[in-house]
Amino acid sequence: MKTKLNFNMWIPTRILFGADELKNLHRQQMPGKKALLAISNGKSTRANGYLAATEEQLRLAGIESVVFDRIEANPLKSTVMAGAAAAREHGCDMIVALGGGSVMDAAKAIALMASNDGDLWDYVFGGTGKEQQAGHAPLPLIAITTTAGTGSEVDPWGVVTNEQTHEKIGVEAGFPVLAVVDPKLMLTVPPKFTAYQGFDALFHSVESYISKFANLASDMYALTAIEHIARNLPRAVANGDDLEARTRVAFGNTLSGVVMCLSATTSQHSMEHAMSAYHQDLPHGAGLIMLSRAYFSFFIDRHVCNERFVRMARAMGMEQAAQPGDFITALTRLQQACGVADLRMSDYGITPGELQQMTFNAFDTMPGLFESDRHRLSIDECTAIYRAAYK
């Protein structure tokens, strides 16, 4: 399969990357005067001092801030609408997202709805979305990531769940104007979530590398991201205080965000979104891990891009890889090293009877990612992958 030699690259986010870069936030040009500071509904951001440190940086920059602390994992449309209402009520002219992928995704959607009328689903393409163009630009957003999992700090999409229709769909809401990627904010992430998030980042690059939209630029970023994540994630899982490992995984994660802007993820992401749309407590990365071996084995068996799977296996540390199936071996070893090889759908309440329903949901809500696949999945093939991955 020949590499595409054309690409379109526009990724305007300024990135502050590295340990202690949060301390440099106040030195940056601010895009507004008053910020809605969006955080999760958990305790860690406050308990670890990240909220206080961010508030101090905003104060030093002359920015007022008000905290919105209701964002859940797999953020809901109702939460986005509440955040937008809060931004309007307090007269905020910018959004600051402090947290992981869910917080950054929700913050993008909040930024969109704070400056536009109606409902978020008016601007969603896919499913029951009304596919309207927003009349006003979203509020400017600063993304401060506390995890290495989604690359949302450098891409324009926010994935939100409509809890009424069980649709989990990405809405394009614009790039953050500034991203702060400070690995010191990631040192307190528990081992299992370090693994889940790391595999989410890995699969962003893996999928984009085997996508039919892959190109010279996306290939460069993807292979570098795969190498940094795969060779350092077990260290970060085993010892959360390993700052070098955290930094290299964070680097791979941010690159993976760039990769998605140059290429596109594949149907594995549509399939997982259908899973967590029905099961709110399922971490996105965990769902991807559950699907991954069956999913990639399907495409390897069809020899859609043999050399690309070999190259990825080598990037993951299997230097002597020669067959596409070696990628599955490398992937399995990495999942075992991170303690996530035995995740089960049934542990999150997923039943065999739901698998076909999830297939229809995946095709209905995010059909575009199926267009990325080098082999176009049928309904039956998609359901078969779910069944092969189920345990």
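Mentor: Helices here are DSSP runs of H or I with at least four residues, numbered from the N terminus. The model is predicted.

Trainee: Which helix does D301 lie in?

Mentor: The helix in question covers residues 284-301. D301 falls within that range, and the helix is α9.

Trainee: Is D301 buried or exposed?

Mentor: A residue counts as exposed when its relative accessible area is over 50%. D301 has 55% relative accessibility, so D301 counts as exposed.

Trainee: How many of the residues of α9 are buried?

Mentor: Buried means under 20% relative accessible area. The helix α9 is mostly covered. Of its 18 residues, the number buried is 15.

Trainee: On which residue is the kink in α9 centred?

Mentor: From first C-alpha to last, α9 reaches 26 Å, close to the 26 Å expected at 1.5 Å a residue. The helix nevertheless has a kink of about 50 degrees, and its centre is S292.

Trainee: What separation do the C-alpha atoms of D301 and P324 have?

Mentor: Along the chain, D301 and P324 are 23 residues apart. In space, their C-alpha atoms are separated by 8.8 Å.

Trainee: Where is F7 placed, and is F7 buried, partly exposed or exposed?

Mentor: F7 sits in the segment before β1, the strand at 14-17. Partly exposed covers the range between under 20% and over 50%. With a relative accessible area of 43%, F7 is therefore partly exposed.

Trainee: What area does the nonpolar surface patch with F7 have?

Mentor: F7 makes this patch together with L5, M9 and L216. The area of the patch is about 410 Å².

Conventions
Residues numbered from 1 in each chain as written. Predicted model: local features only at pLDDT ≥ 70, side-chain atom pairs only at ≥ 80, totals over all residues. Heavy atoms only, no water. Helix = DSSP H or I, 4+ residues; strand = E, 2+ residues; numbered from the N terminus. Buried < 20%, exposed > 50% of the residue type's maximum accessible area, 1.4 Å probe, protein only. Expected span 1.5 Å × (residues − 1). Bend = angle between axes of the 7 residues up to and from the residue. Patch = residues over 30% accessible without salt bridge, like charges linked within 9 Å, V, L, I, M, F, W, Y side chains within 5 Å. Areas by Shrake-Rupley, 256 points an atom, 1.4 Å probe, with all protein chains shown as cover. Salt bridge = Lys/Arg side-chain N within 4 Å of Asp/Glu carboxyl O.
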